[in-house]
Amino acid sequence: MCYNIIQNDMIYVVSYDLGEPDRNYAGIRAILERCGAFLPFQKSTGLLSSSLSAAEIRDRAKQQMDSNDSLLVTDMTNAHWAGLNTRLSAWIEEHRSPHS
């Protein structure tokens, strides 16, 4: 899957927990993929490069959520990391804006 990355995109960590009875992980991931370049790296956590705000991402994801589900969208503007695998580190570097 190819994405056109805009220089002003933000990188977010998106984490979600879906409760019973309807745990539609595929539905949440599909919405996040429509928000931008999404790289899942755990069952319910991924990185998202998007021109949307965190609130806009949250609002779109909420369309797929039940009342017992939770979601956290966190801006990585000044993030620093260590110990991430090569794939995650390369993805972050590829999607970071030049001013990060």
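In which sense, left-handed or right-handed, does H1 pass H2? I opened the notebook with that. The model is a predicted one.

**Entry: the two helices**

I found a right-handed crossing where H1 passes H2. H1 covers residues 25–35 and H2 covers residues 54–62. Two numbers describe a packed pair of helices: the angle between the axes and the distance between them. For H1 and H2 I noted an angle of about 145° and axes 9 Å apart.

Next I looked up who meets whom. From H1 come Ile28, Ile31, Leu32 and Cys35. From H2 come Ile57, Arg60 and Ala61. I sorted the residues of this contact by character and got six nonpolar, no polar and one charged.

**Entry: overall layout**

I stepped back to the whole chain. The protein has three helices and four strands. Along the sequence I read the pattern β-α-β-β-α-β-α. The chain has 100 residues, and 37% of them are buried.

I also checked how far along the chain the contacts reach. I took the contacts between residues at least 6 apart in sequence; of these, 64% join residues at least 24 apart. The accessible surface comes to about 6100 Å². Carbon and sulfur atoms hold 49% of that surface.

**Entry: the aromatic pair**

How many aromatic pairs does the structure hold? I found one. The rings belong to Tyr16 and Tyr25, with centres 6.0 Å apart. Their planes stand at 45°, so I logged the pair as tilted. The tilted class lies between stacked, under 30 degrees, and edge-to-face, over 60.

Then I checked burial for both partners. Tyr16 has 1% relative accessibility, so it counts as buried. Tyr25 is also buried, at 14%.

**Entry: the cis bond**

I looked up the peptide bond from Glu20 to Pro21. It is cis, with omega near 5°. Pro21 sits in the loop that runs between strand E1 (10–17) and H1.

**Entry: Thr45**

I went to strand E3, residues 45–50, where Thr45 is placed. Is Thr45 buried or exposed? Its relative accessibility is 11%, so I put it down as buried. The cut-off for buried is under 20%.

I set aside the neighbours of Thr45 within four places in sequence and listed the remaining contacts. They are Val13, Val14, Ser15, Tyr16 and Pro40. Tyr16 on that list is also a member of the aromatic pair.

**Entry: strand E4, Val73 and Thr74**

I took two residues from E4. Val73 lies in this strand, and so does Thr74. The strand spans residues 70–75.

Val73 is buried, with a relative accessible area of 16%. Thr74 is partly exposed, with 34%.

Which residues does Val73 touch, apart from its neighbours within four places in sequence? I listed Tyr12, Val13, Val14, Ala54, Ile57 and Arg58. Ile57 also turns up in the contact of H2 with H1. I checked one C-alpha pair here: Val73 and Val14 are 59 residues apart in sequence and 4.6 Å apart in space.

For Thr74, with the same neighbours left aside, I listed Ile11, Tyr12 and Val13. I also checked Thr74 against Leu47. Those two are 27 residues apart along the chain, and their C-alpha atoms are separated by 9.6 Å.

**Entry: Glu33**

I returned to helix H1 for Glu33. At 32% relative accessibility, Glu33 counts as partly exposed. Its C-alpha lies 8.1 Å from that of Leu48, which is 15 residues away in sequence.

**Entry: Ser67**

Where does Ser67 lie? I found it in the loop between H2 and E4. Ser67 has a relative accessible area of 82%, so I logged it as exposed. The cut-off for exposed is over 50%. I checked Ser67 against Leu18: they are 49 residues apart in sequence and 9.5 Å apart in space, C-alpha to C-alpha.

Technical notes. Residues are numbered from 1 along each chain as its sequence is written. This is a predicted model: local features need pLDDT of at least 70, side-chain atom pairs count only at pLDDT 80 or more; totals for chains, interfaces and linings use all residues. Side-chain values use heavy atoms; hydrogens and water are left out. Buried means under 20% relative accessible area, exposed over 50%, partly exposed in between (1.4 Å probe, protein chains only). Contact means heavy atoms within 4.5 Å. Axes are lines fitted to C-alpha atoms, for helices over the stretch in contact, and angles run from 0 to 180 degrees between N-to-C directions. A crossing is left-handed if the near helix is turned anticlockwise from the far one by less than a right angle, and right-handed if clockwise. Ala, Val, Leu, Ile, Met, Phe, Trp, Tyr, Cys and Pro count as nonpolar, Asp, Glu, Lys and Arg as charged, and the others, Gly among them, as polar. Rings of Phe, Tyr and Trp (its six-membered ring) pair if their centres lie within 6.5 Å; planes under 30 degrees apart count as stacked, over 60 as edge-to-face and the rest as tilted. Accessible areas come from the Shrake-Rupley method with a 1.4 Å probe; for residues, only the protein chains shown count as cover.
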